[in-house]
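Open the model in the viewer and keep the sequence panel beside it. The stops below go from one sheet to the whole chain and then to single residues.

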Amino acid sequence: ATGRSLPGTDSLRRRAEAALRRCGAGPAADAVMEEIHRATGTDAPRTADDPANPDGPAVIRARTPLTGGTLGLLPAATAEQTEAAVAEAHRTFERWRTVPAPRRGALVKRLGELLTAHKEDLADLVTLEAGKIRSEALGEVQEMIDICDFAVGLSRQLYGRTIAGERPGHRLAETWHPLGVVGVISAFNFPVAVWSWNTAIALVCGDTVVWKPSERTPLTALACDGLLARAAADTGAPPGVHRLLLGARECGQRLADDPRMALVSATGSVRMGRHLAPRVAARFGRCLLELGGNNAAVVTPSADLDLTVRAIVFSAAGTAGQRCTSLRRLIVHEELADRLVARLVRAYRQLPLGDPFDAATLVGPLVDTAAHTALTAALATAERDGGKLLTGGDRCFTTEAPDAAYVRPAIVRMPAQTGIVRTETFGPVLYVLTYRTLDEAIALHNDVPQGLSSSIFTRDQREAERFLAADGSDCGIANVNIGTSGAEIGGAFGGEKETGGGRESGSDAWRAYMRRATNTVNYSADLPLAQGVNFL
Ligand code: UN1
């Protein structure tokens, strides 16, 4: 653990308030803060998840994983407010879709400028609500700025194809049109980047957005909403292009069920996806899913071990193992397993754990103590299955911050890929398995229900290419000599199998946010029918 002690909740609350104000969540900030002060008084309203008070007003509790303390209580969106938000976004869509795409890009350009100006403020809120270390929080905001740049460029490149038709005097082409209202449901672990991937692209595509962020990161969401509202005001875009709904599960369900939501882009657990996707499908709506990952790295005998150790530690212990791209399984050649594991254990024991605002810290807290309980249960199951816990899994600062979960990242050597290894536990646990042949390694690699990210560490080109080939890694992301996490925004992001199949962010992921029209134009005086059909 780092030497310094943890900050208190009061100072964190002040820090959150200052950052929110600077982001100018507009006049809303004052109202919200008033709400926070009122609500954190003695007769605080009941939270939505309080089973003892099911009838109490539903509120969202802004809390910080740094202490587990409450930053404030915010009113949760009611059914009427959800309806009003969808209606407004839908009305606005009908206008916004006719604004030329490069002009829509101007809104996103302005958003990117505001994000740049408020990078520190947003990073503060990300650290306060998600517990990320400073450098990762800043990196997450950088990811937002990058996607804005990308989307602005895209606003002049929403290309359709001209297709070689089979009939003379005819032109065959496709046009991409705005899709409608996009529902963005995002998770606590990337509280701003995932919103921005969806929102920046959706806006240039001519869509409007209704956002339901994680209940754990409401203040971060208010700041983003405030900045986007400002960008809209500055560029003359209608304010209804974006609506924020701070709500619980029912709020997400309402969006899933509403036929005005053309696309529901949801990031979170497989459980959440299983629940939402059939509801959206039942009304033939579109879903874009980014669900769980159970990412592995194969380490072959020719790997550059110095580089491999650094990459593994960042991917497995970074963000306290709370990325969907976090490395959770290591598939190491048996020849080098002992050597590699010894180096990893040494590196893990030196990882500074503690206050994420402290520049020396590399591992911050888990989101809550329930995450530690889940991790402990997973470790116990692994040990019952014959696994050997080599390091970590224990909590620190338990006296100082009993409601927070500062947990040392764990490494477990497993005799086989048992059920628990095939399950995504959202925390810092790395299971180590060994292999003899590359075929065996790839089979183990793919033998999990999830399919998000993957890596191979090797200096052998044959092995690298085999891993990337059709019968290699079955994931949406397959890397060589780099960890499973920390993708750039330029590529399409997402994965297969239970990960849900969606692709967000760069490349041609924008197509999911538009509808395609195939156009056949006859400029001749004849009417030849396709396939040589004769009629009339
Ligand atoms: C997530 O964890 O939901 O590739 C997203 C990465 C980040 C995004 C992760 N750029 O790790």
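Which residue in strand 4 is the bridge partner of T162? Select A173: this residue is the partner of T162. Before going further, note that the model is predicted, that local features need pLDDT of at least 70 and side-chain atom pairs count only at pLDDT 80 or more, while totals for chains, interfaces and linings use all residues. Residues are numbered from 1 along each chain as its sequence is written.

**The sheet 3-4-23**

Keep A173 selected and extend to strand 4 (residues 170-178) and strand 3, which pair in the antiparallel sense over two bridges. Strands here are DSSP runs of E with at least two residues, helices are runs of H or I with at least four residues, and both are numbered from the N terminus. Two strands pair if DSSP finds at least two bridges between them. Add strand 23 to see the open sheet of three strands, ordered 3-4-23 with antiparallel pairing. Strand 3 (162-163) and strand 23 are at the edges and have a single partner strand each, so one side of each lacks a neighbour in the sheet.

**Strands 5 and 6**

Next select strand 5 (residues 181-185), where five of five residues are buried. A residue is buried if 20 or more other C-beta atoms lie within 10 Å of its own, exposed if 12 or fewer, and partly exposed in between, with C-beta atoms placed from the backbone. Colour the two faces separately: V181, G183 and I185 lie on one side, V182 and V184 on the other, and all are buried. Now show strand 6 (residues 208-212), which runs parallel to strand 5 and is joined to it by five bridges. W211 in strand 6 stands opposite V184.

**The whole chain**

Zoom out. The chain has 15 helices and 23 strands. Its radius of gyration, 25 Å, is close to the 24 Å that the globule rule gives for 536 residues, so the chain is as compact as a globular protein of that length. The radius is taken over C-alpha atoms, and the rule is 2.2 Å times the number of residues to the power 0.38. Along the principal axes, the C-alpha atoms fill a box of roughly 80 × 65 × 40 Å. Of the 536 residues, 53% are buried. Of the contacts between residues at least 6 apart in sequence, 74% join residues at least 24 apart; a contact means that the C-beta atoms, placed from the backbone, lie within 7 Å.

**E290 and the ligand**

Go to E290 in strand 9 (residues 286-290). The unreviewed UniProt entry annotates E290 as "active site"; such positions are given in the numbering used here, feature names are shortened, and annotations may be inferred rather than shown by experiment. E290 counts as buried because 30 C-beta neighbours lie inside 10 Å. Beyond its neighbours within four places in sequence, E290 is in contact with T267, C324, G494, T499, G500, G502 and E504.

Now select the ligand. The residues around the ligand include E143, N189, F190, T267, R323 and C324; a residue is near a molecule if its C-beta atom, placed from the backbone, lies within 6 Å of it. The shell has four nonpolar, five polar and two charged residues. Ala, Val, Leu, Ile, Met, Phe, Trp, Tyr, Cys and Pro count as nonpolar, Asp, Glu, Lys and Arg as charged, and the others, Gly among them, as polar.

**T484**

Select T484, in the loop between strand 19 (477-480) and strand 20 (492-493). Is T484 buried or exposed? T484 counts as buried, with 29 C-beta neighbours inside 10 Å. Among its contacts outside four places in sequence are N295, S315, L327, S454 and N479. Q461 is 23 residues from T484 in sequence and 19 Å away in space, C-alpha to C-alpha.

**F284, Q531 and Q253**

F284 is in the loop between helix 10 (270-282) and strand 9. Its phi is near 60°, a positive value in a residue other than glycine. F284 counts as exposed, with 7 C-beta neighbours inside 10 Å.

Q531 is in the segment after strand 23 (514-522). Phi of Q531 is also near 60°, and Q531 counts as exposed, with 5 C-beta neighbours inside 10 Å.

End at Q253 in helix 9 (residues 249-257). Q253 is partly exposed, with 16 other C-beta atoms within 10 Å. A87 is 166 residues from Q253 along the chain, and their C-alpha atoms are separated by 16 Å.

Definitions and conventions
Contact = placed C-beta atoms within 7 Å.
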